[in-house]
Amino acid sequence: MRKYRLLLACAAAFTFTFALGAESAVQHAETPAEKTPPAPKEPAITFNSVHVDGPYIAMTFDDGPSAVLTPKLLDLLAAHHIKATFFVIGENVAEHPEIVARAAREGHEIGNHSWSHPNFAKMSQENVRSQLQRTDDAIKNAIGKRPTLLRPPYGSITEREKRWIHDEFGYEIILWDVDPLDWKRPGPAVVRSRILKETRPGSIVLSHDIHPGTIEAMPATLDELEAKGFKFVTVSELVDMATPVTPRPSPQQGEKTPPKAIPVVSPTPSPASSPSG
Ligand SMILES: [Zn+2]
């Protein structure tokens with residue numbers, strides 16, 4: 001009996017470990033961890049980055065709006081004619097709906113980032129639903145329409161949550177492939193160099209419009225990204241541009257233009273353990 005129990009415990013531990021491993025799976029993470037056979041035609045609902053033809057990227061700013069910093073950032077983005085995506089905290093939206101309204105009016109996308117930034121993976125379905133619904137309502141009040149994107153705080157979310165949230169709210173789950181760790185406040189120069197080093201076509205760049213150093217880093221960061229030829233779109237626009245990941249070209253095609261170096265698999269943040277997002 002004791003042996004049997006031990007075996008059960010081991011099996012449980014293994015399942016748990018496996019589930020954790022699956023949690024950090026890479027882009028378009030439709031993890032085939034459950035018993036249902038993979039449905040290849042099913043569209044992806046989770047994105048760390050997007051496979052695109054062209055130098056398109058999405059800048060994303062989390063945790064705002066901030067009364068002081070977000071307007072500064074909006075001025076800068078307007079000067080560059082850059083559209084970005086803001087993953088906002090419901091509490092902050094309720095406090096500064098006019099800033100969110102301005103962002104939307106100026107062409108930026110607004111996504112749901114929860115009401116008060118808890119860790120979804122450790123919460124009941126009911127509490128997660130409440131976090132999402134309150135924020136969805138606050139965004140609707142501020143900009144007149146509901147968001148279609150969710151970024152879970154810390155990037156922490158279970159496969160099961162992704163599924164029911166997508167079914168109930170229609171959200172796509174947006175993570176990231178470029179993380180300058182700006183929340184550690186390493187200084188503007190470091191934020192800039194990390195973003196420039198990691199960004200490639202199809203990237204979703206994470207940062208936060210609640211840290212002064214991040215906002216200070218942005219003028220030079222945007223200048224240099226533009227100088228490298230990147231074009232800025234919102235996350236939904238980037239997702240709409242997704243092209244199939246094609247296998248290596250056949251020899252006949254091979255003599256034409258060589259494929260641009262568009263990396264398919266991006267380094268995945270380990271959302272559950274990372275305080276980013
Ligand atoms: Zn966040």
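These notebook entries record what I looked up in a predicted model of one protein chain.

**Entry 1. The chain as a whole**

I began with the secondary structure and found 10 helices and 8 strands in the protein chain. I then looked up burial: of the 277 residues, 41% are buried. I also checked how contacts are spread along the sequence. Among those between residues at least 6 apart, 79% join residues at least 24 apart.

**Entry 2. Strand 2 and strand 7**

I turned next to strand 7, residues 204-208. I noted that 5 of its 5 residues are buried, so the strand is largely enclosed by the rest of the structure. Ile 204, Leu 206 and His 208 point one way, while Val 205 and Ser 207 point the other way. Strand 7 pairs with strand 2 in the parallel sense, over 5 bridges. Within this pairing I located Met 59 opposite Val 205.

**Entry 3. The loop between strand 2 and helix 2**

I followed the chain into the loop between strand 2 and helix 2, where Asp 63 lies. Its phi is positive, near 80 degrees, in a residue other than glycine. I asked whether Asp 63 is buried or exposed. Asp 63 has 22 other C-beta atoms within 10 Å, and the cut-off for burial is 20 or more, so it counts as buried.

In this loop I also found Pro 65. The peptide bond that joins Gly 64 and Pro 65 is cis, with omega at about 0 degrees.

**Entry 4. Helix 2**

Helix 2 covers residues 69-80 and has 12 residues. I read a span of 17 Å from its first C-alpha to its last, close to the 16 Å expected at 1.5 Å a residue. Its buried residues are Leu 69, Thr 70, Leu 73, Leu 74 and Leu 77. Seen down the axis of helix 2, these fall within an arc of 135 degrees, so they line one face of the helix. On the face turned away from the buried side I found the exposed residues Asp 75 and Ala 79.

I then asked what covers the buried residues of helix 2. The cover includes strand 2 (56-62), helix 4 (97-105) and helix 8 (212-227). After the helix comes His 81, with a positive phi near 55 degrees.

**Entry 5. Strands 3 and 4, and the loop that follows**

I found strand 3 and strand 4 running parallel, joined by 4 bridges. The bridge partner of Phe 86 in strand 4 is Ile 110. Both faces of strand 4 are covered: Glu 109 and Gly 111 are buried on one side, and Ile 110 and Asn 112 on the other.

Between strand 4 (109-112) and helix 5 (125-143) is a loop that holds His 117. I noted for His 117 a positive phi near 65 degrees, again in a residue other than glycine. His 117 has 17 C-beta neighbours inside 10 Å and counts as partly exposed.

**Entry 6. Helix 5**

Helix 5 has 19 residues. I read 27 Å from its first C-alpha to its last, close to the 27 Å expected at 1.5 Å a residue. The buried residues in helix 5 are Val 128, Gln 131, Leu 132, Thr 135, Ala 138, Ile 139 and Ala 142. Seen down the axis of helix 5, they fall within an arc of 130 degrees, so they line one face of the helix. What covers them includes strand 3 (85-88), helix 3 (90-95), helix 4, strand 4 and helix 6 (159-169). Gly 144 follows helix 5, and its phi is positive, near 85 degrees.

**Entry 7. Glu 91**

I looked up Glu 91, which lies in helix 3. Glu 91 is partly exposed, with 14 other C-beta atoms within 10 Å. Not counting residues up to four places away in sequence, Glu 91 touches Trp 115 and Ser 116. I also checked Glu 91 against Ala 138: the two are 47 residues apart in sequence and 8.4 Å apart in space, C-alpha to C-alpha.

**Entry 8. The nonpolar core**

In soluble globular proteins, nonpolar side chains tend to be buried together. I therefore asked which residues of the largest nonpolar core touch the most other members. Of its 54 residues, they are Ala 58, Val 88, Val 100, Ile 174, Ile 204 and Val 205.

I followed up Val 100, leaving aside its neighbours within four places in sequence. Val 100 is in contact with Pro 65, Val 88, Val 93, Ile 110, Ile 139, Ala 142 and Ile 143. Among these, Pro 65 belongs to the loop between strand 2 and helix 2, and Ile 139 and Ala 142 are buried residues of helix 5.

Conventions: Residues numbered from 1 in each chain as written. Predicted model: local features only at pLDDT ≥ 70, side-chain atom pairs only at ≥ 80, totals over all residues. Helix = DSSP H or I, 4+ residues; strand = E, 2+ residues; numbered from the N terminus. Expected span 1.5 Å × (residues − 1). Buried ≥ 20, exposed ≤ 12 C-beta atoms within 10 Å, placed from the backbone. Arc of directions from axis to C-beta. Contact = placed C-beta atoms within 7 Å. Pairing = 2+ DSSP bridges. Core = buried A, V, L, I, M, F, W, Y, C linked by C-beta atoms within 7 Å.
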